[in-house]
Amino acid sequence: MKDASVTRRRLLAGVGSAVVAGLAGCGSGNAETPPRQPASPTPSPAASPSSFDEAALRRKISSLLVVGFRGQTVDNNDWIVKAVKNGLGGVILFDKELETNAPRNITSPAQVTALVKSLRDAAPGPLIVSIDQEGGQVARLNPSNGFPATKSEAEIGAQNSPAATRAWAQQIVDSLRSIGVNLNYAPVVDLNLNPNNPAIGQLGRSFSANTDVVVTNATEEIQVHRAGKVKTSIKHFPGFGTATGNTDFDVVDVSATWTRAELVPFQRLISSGNADSVLVAHLLIKQLDPNLPASLSPAVVTNLLRGQLGFKGPAVSDDMQAAAITRRYGLDEAVALGLKAGLDLLVFANQQVYDPNVVDETLDNVVNLVRNKTLTEAQIDQAVARVDTLRP
């Protein structure tokens, strides 16, 4: 779920507190007629602790997880392949290791295409293959691994030309389709309200401070992705544009600077049917929730995003292993809070912490949450139905 021709390590080294945030969908409709948002699934009766089918429940939960892994090739003995065979929802690809700057999953077009094929062949059903390919500095596919350079959102927003935006987006989509990626954690629709923001402004990740420019260019980009059958995820809800910190290191409190104007790009894209999924950030906004970061807050995910903005599609987490979350809550509690808040797709980058057991540990955790009635199986079923709209 963050974030080129520079790697995550160089971002951290070069810009100090720069976010790699962004970890981590795109509908099928055409450019002229945005598809309707998927209807909310009908809840199924909650299973009693003694009666639910644990094996079936584990498969459902697994389908809600997207996980990062190490390696440019995989075989049947690799934990990620075993997880995929058992119904893992998806994977997220990175070009570099955060700590060492060594290659992770991508060294050439032919290599990563073969890697993705191996993973998809192992899957019992449609596999989400995801990536952060925003353009500019935040591009996992870049000249260092054999892909073309791409302009940043800031450069595209400065041009503010529909034709130029479509050509730029087509270049991104062509690269994604060529290797088999079907979910791009983009576009960033944060307003560039603080040019010194180390997470957004300094990295050129926002189209503009102007809402119309952001919405117009984001819409063009999303429509090109849809035409190429690549899903998108607009981010970072409910607005990262005024931040001064990095959610990789701590929850960033933007209460003093955030305004409801930052919701407008999300609101307009949702209203027009151009939001395939919405990625929720690890931001604290006390006006919305005095205690919990947005990603773990029912007030933000359920009441604001689903209630007030009317979003019916999947809510995607930023990296659940980010220090912003794990230092305060621990992973098990964060997963519980996120699912209770209304998150559907949980992304584990496996970058800041590398845990080959993260899938099994998360499954055990969530099964126990259902068993002790912290969550209901009906909630899991609703999340599965929404996440399924992201599958190819």
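Which residues in helix H11 (residues 331-341) are buried? In this predicted model, the buried residues of H11 are Ala-334, Val-335, Ala-336, Leu-337, Gly-338, Leu-339 and Ala-341. They pack against helix H9 (298-308), helix H10 (323-329), strand S13 (346-348) and helix H12. Just after H11, Gly-342 takes a positive phi of about 120°.

The wider setting helps to place this helix. The protein has 392 residues, and buried residues make up 60% of them. Its secondary structure comes to 13 helices and 13 strands. The accessible surface is about 13600 Å², with 50% of that area belonging to carbon and sulfur atoms.

Helix H12 (residues 358-371) is a good place to look next, as it takes part in two of the helix pairs described here. Two packed helices are described by the angle between their axes and the distance between the axes. For H11 and H12, the angle is about 55° and the axes lie 10 Å apart. An angle of about 55° falls outside the range of 65 to 115 degrees that counts as roughly perpendicular, and is not under 35 degrees, the limit for roughly parallel; H11 and H12 are therefore oblique to each other. Their crossing is right-handed. On the H11 side, the contact is made by Leu-331, Asp-332, Val-335, Ala-336 and Leu-339, while H12 supplies Val-358, Thr-362, Asn-365, Val-366 and Leu-369. By class, the residues of this contact divide into 7 nonpolar, 2 polar and 1 charged. Val-335, Ala-336 and Leu-339 of H11 belong to this contact and are also listed as buried.

The second pair joins H12 to helix H2 (residues 54-62), at an angle of about 120° and with the axes 10 Å apart. H2 and H12 are therefore oblique to each other as well, and the crossing of H2 and H12 is right-handed. From H2, the residues Glu-54, Leu-57, Arg-58, Ile-61 and Ser-62 meet Asp-360, Leu-363, Asp-364, Val-366, Val-367, Val-370 and Arg-371 in H12. This contact has 6 nonpolar, 1 polar and 5 charged residues. Val-366 of H12 appears in the contact with H2 and also in the contact with H11.

Beyond the helix pairs, the backbone offers several details that a computational chemist may enjoy checking. A cis peptide bond with omega of about 0° joins Ala-186 and Pro-187. Pro-187 is in the loop between strand S6 and helix H7. Another cis peptide bond runs from Lys-235 to His-236, with omega near 0°; His-236 is part of strand S8 (residues 234-237).

Positive phi values also occur at residues other than glycine. Lys-229, which is not a glycine, has a positive phi of about 60°. Its place is in the loop between H7 and strand S7 (231-232). With a relative accessible area of 62%, Lys-229 is exposed. Lys-373, likewise not a glycine, has a positive phi of about 70° and is found in the loop between H12 and helix H13 (377-388). Because its relative accessibility is 62%, Lys-373 counts as exposed.

Two further residues illustrate how positions separated in sequence can be related in space. Asn-210 lies in the loop between strand S6 (183-184) and helix H7 (211-227), which is also the loop that holds Pro-187. At 38% relative accessibility, Asn-210 counts as partly exposed. Asn-210 and Gly-157 are 53 residues apart in sequence, and their C-alpha atoms are 9.4 Å apart in space.

Where does Arg-391 lie? Arg-391 is in the segment after H13. Its relative accessibility is 14%, so Arg-391 counts as buried. Leaving aside neighbours within four places in sequence, Arg-391 is in contact with Ser-63, Gly-89, Pro-126, Ile-128 and Lys-231. Arg-391 and Val-129 are 262 residues apart in sequence, with a C-alpha to C-alpha distance of 9.1 Å.

Technical notes
Residues numbered from 1 in each chain as written. Predicted model: local features only at pLDDT ≥ 70, side-chain atom pairs only at ≥ 80, totals over all residues. Heavy atoms only, no water. Axes fitted to C-alpha atoms, helices over the stretch in contact; angles between N-to-C directions. Helix = DSSP H or I, 4+ residues; strand = E, 2+ residues; numbered from the N terminus. Parallel < 35°, antiparallel > 145°, perpendicular 65-115°, else oblique. Left-handed = near helix turned anticlockwise from the far one by under 90°. Contact = heavy atoms within 4.5 Å. Nonpolar A, V, L, I, M, F, W, Y, C, P; charged D, E, K, R; others polar. Buried < 20%, exposed > 50% of the residue type's maximum accessible area, 1.4 Å probe, protein only. Areas by Shrake-Rupley, 256 points an atom, 1.4 Å probe, with all protein chains shown as cover.
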